Amino acid sequence: MRPVLSSWLVNALCLTAHLGSALQLDITSPDSIRSTASVVAYDMMSYYTGNRTGDVPGNLPAPYYWWEAGAMFGEMIEYWYYTGDATYNDEVKQALLHQVGDDNDYMPRNQSKSLGNDDQVFWAFSAMTAAELKFEDPGTGEPSWLALAQAVFNEQASRWDTGTCGGGLRWQIFTFNAGYDYKNAVSNGGFYQLAARLARYTQNQTYVDWAEKTWEWYAGTPLLNTQTWQINDG
């Protein structure tokens with residue numbers, strides 16, 4: 001059974017309706033919420049060119065970044081889940097599978113010049129959302145959504161670096177990219193979220209341990225002020 005429209009979706013649409021005067025939203029009406037969400041989804045997908053002949057599935061055109069595309073497709077899965085509108089499902093599925101890379105870990109070679117742990121984890125979030133919300137299965141011969149999220153987790157866990165700052169993930173994955181010597185909030189917060197979601201989904205204690213370890217490290221660094229809960233980036 002599909003759930004009642006989430007407060008997240010209602011709140012997001014309230015903000016959108018406030019910013020865009022052309023949208024009329026009645027938050028007490030499920031039909032109005034679905035109708036407004038449809039307009040927003042259509043507008044967002046109008047930026048996407050990866051479904052055009054000669055373009056690359058999963059990519060957004062400049063000036064948008066690769067991680068933003070990953071985040072967008074995750075939101076489109078939630079749009080389908082909460083509204084029941086499957087209009088964009090084929091494009092979303094194609095994009096999420098096209099960008100997995102040679103090792104099914106969301107590290108496509110054409111992104112290596114700027115690929116950070118935070119970029120990679122946004123695509124893992126979308127794969128995790130697909131698993132959690134039971135989005136259409138990838139198909140025969142393709143890794144499952146859960147397997148894709150787990151692959152990213154396993155790689156990022158292997159990058160946990162105790163050589164500086166007592167732990168944490170570096171911003172960049174490759175040594176030749178600017179920012180490799182930098183540990184940022186998004187990469188580590190993203191790893192924490194992925195571990196926590198995998199723990200909840202699989203009930204595997206290993207993920208629980210990593211989530212707790214990451215949180216304890218994170219809360220003990222200048223990245224997070226545990227008195228004000230202000231997050232500092234790096």
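## Trp 229 and Asn 104: positive phi angles

In this predicted model, Trp 229 is exposed, with a relative accessible area of 51%. The value lies just on the exposed side of the cut-off, because exposed means over 50% relative accessible area. Trp 229 belongs to the segment after helix H8 (205-219). Its backbone is also notable: phi of Trp 229 is near 65 degrees, a positive value in a residue other than glycine.

Asn 104 likewise has a positive phi, of about 55 degrees, although it is not a glycine. The residue is found in the loop between H4 and helix H5 (117-132). Asn 104 is partly exposed, with a relative accessible area of 29%. As background, most residues other than glycine have a negative phi, and most peptide bonds are trans.

## A cis peptide bond before Pro 63

The second part of that background has an exception here as well. Ala 62 and Pro 63 are joined by a cis peptide bond, with omega at about 10 degrees. Pro 63 is placed in the loop between helix H2 (30-45) and H3.

## Overall architecture

The protein contains eight helices and zero strands. Read from the N terminus, its elements run α-α-α-α-α-α-α-α. The radius of gyration is 19 Å, close to the 17 Å that the globule rule gives for 234 residues, so the protein is as compact as a globular protein of that length.

Along the principal axes, the C-alpha trace spans about 55 × 45 × 35 Å. Of the 234 residues, 46% are buried. Among contacts with a separation of 6 or more, 60% are made by residues 24 or more positions apart.

## Helix H4 and its surroundings

Seven of the 10 residues of H4 are buried, so this helix is largely enclosed by the rest of the structure. The buried set consists of Asn 89, Glu 91, Val 92, Lys 93, Ala 95, Leu 96 and Leu 97. These residues pack against H2, H3, H5 and H6.

## Packing of H3 against H4

Two packed helices are described by the angle between their axes and the distance between the axes. For helix H3 (residues 66-83) and helix H4 (residues 89-98), the axes come within 10 Å and cross at roughly 145 degrees. The crossing in which H3 passes H4 is left-handed.

On the H3 side, the contact is formed by Phe 73, Met 76, Ile 77 and Trp 80, which meet Asn 89, Val 92, Ala 95 and Leu 96 in H4. By type, the residues of this contact divide into seven nonpolar, one polar and no charged. The spacing along each helix can be read against a general property: an α-helix has 3.6 residues a turn, so residues three or four places apart point the same way.

## Prolines 138 and 30

Pro 138 is located in the loop between H5 and H6. At 10% relative accessibility, this proline counts as buried, since the cut-off for buried is under 20% relative accessible area. Not counting residues up to four places away in sequence, Pro 138 touches Lys 93, Leu 97, Pro 143, Ser 144 and Trp 145. Two of these partners, Lys 93 and Leu 97, are among the buried residues of H4. The C-alpha atoms of Pro 138 and Leu 96 are separated by 9.1 Å, with their positions 42 residues apart along the chain.

Pro 30 lies in helix H2 and is partly exposed, with a relative accessible area of 43%. Its C-alpha atom is separated from that of Thr 83 by 9.1 Å, although the two residues are 53 residues apart along the chain.

## Buried polar side chains: Lys 183 and Thr 221

Lys 183 occupies the loop between helix H6 (145-158) and helix H7 (185-202). Lys 183 is buried, with a relative accessible area of 10%. Its side chain reaches the backbone oxygen of Thr 164 at 2.5 Å. A polar atom of that side chain also lies 2.7 Å from the backbone oxygen of Gly 167.

Thr 221 lies in the segment after H8 and is buried, with a relative accessible area of 13%. A polar atom of the Thr 221 side chain is 2.9 Å from the backbone oxygen of Tyr 218.

Notes: Residues numbered from 1 in each chain as written. Predicted model: local features only at pLDDT ≥ 70, side-chain atom pairs only at ≥ 80, totals over all residues. Heavy atoms only, no water. Axes fitted to C-alpha atoms, helices over the stretch in contact; angles between N-to-C directions. Helix = DSSP H or I, 4+ residues; strand = E, 2+ residues; numbered from the N terminus. Left-handed = near helix turned anticlockwise from the far one by under 90°. Contact = heavy atoms within 4.5 Å. Nonpolar A, V, L, I, M, F, W, Y, C, P; charged D, E, K, R; others polar. Buried < 20%, exposed > 50% of the residue type's maximum accessible area, 1.4 Å probe, protein only. Polar contact = N/O pair within 3.5 Å; in protein donor to acceptor, adjacent residues only side chain to side chain. Rg over C-alpha atoms; globule rule 2.2 N^0.38 Å.
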